[in-house]
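Work through the following exercises with the sequence and the 3D structure open beside you, and try each task before reading its solution.

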Amino acid sequence: MSKSSVLILCTGNSCRSHLAEGILRSYAGDLFDVHSAGSKPTGTVHPLAIKVMKEIDIEISHHTSKHMNEFLNQKIDIVITVCGNADQACPTFPGQLSRHHYGFDDPAHATGTEEEILTVFRRVRDEIRRIFEAYADGRRDTLKHK
């Protein structure tokens, strides 16, 4: 069975899309070839995104912030947007079979003490984890019944 290629899109490609990319790759790398990008990438991966992923033993410090146009000439089967702006700016990719949108708060905009900001990053990470693990479980179930 060949893996489906998944592109996770966000505006800045600094937090949410990297959290989702790391989680989906860790949980279902046997099913999906996972990438992330942004419509207006910041050029960096937020250090607190890296930190909260390390807390669940997922390493994303090697990730880079990329523009979604880098993927326009690649076969992308599934596009998943994780913020409203990316959902609106999302083009159709060659070979795209499906598109999904799951909106999450942007932890990069959290304010307060470092611990309060980390709490927001952890909450968003955990929300993304629940959704993307359920998505992968659904895909596994579908493949079992084919």
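**Exercise 1.** Find the side chain of glutamate 21 and describe how the side chain of serine 36 meets it.

*Solution.* The two side chains make a polar contact of 2.6 Å, where a polar contact is a pair of N or O atoms within 3.5 Å, one able to donate a hydrogen and the other to accept it, and residues adjacent in sequence count only if both atoms are side-chain atoms. A second polar contact, of 3.1 Å, joins the side chain of serine 36 to that of asparagine 13. This is a predicted model, in which local features need pLDDT of at least 70, side-chain atom pairs count only at pLDDT 80 or more, and totals for chains, interfaces and linings use all residues. Residues are numbered from 1 along each chain as its sequence is written, and side-chain values use heavy atoms, with hydrogens and water left out.

**Exercise 2.** Decide whether serine 36 is buried or exposed.

*Solution.* Serine 36 counts as buried because its relative accessibility is 0%; buried means under 20% relative accessible area, exposed over 50%, and partly exposed in between, with a 1.4 Å probe and protein chains only.

**Exercise 3.** Compare the surroundings of asparagine 13 and aspartate 57, neither of which is a glycine.

*Solution.* Begin with the backbone: asparagine 13 has a positive phi of about 50°, and aspartate 57 has a positive phi of about 60°. Turn next to accessibility: asparagine 13 is buried, with a relative accessible area of 0%, whereas aspartate 57 is exposed, at 73%.
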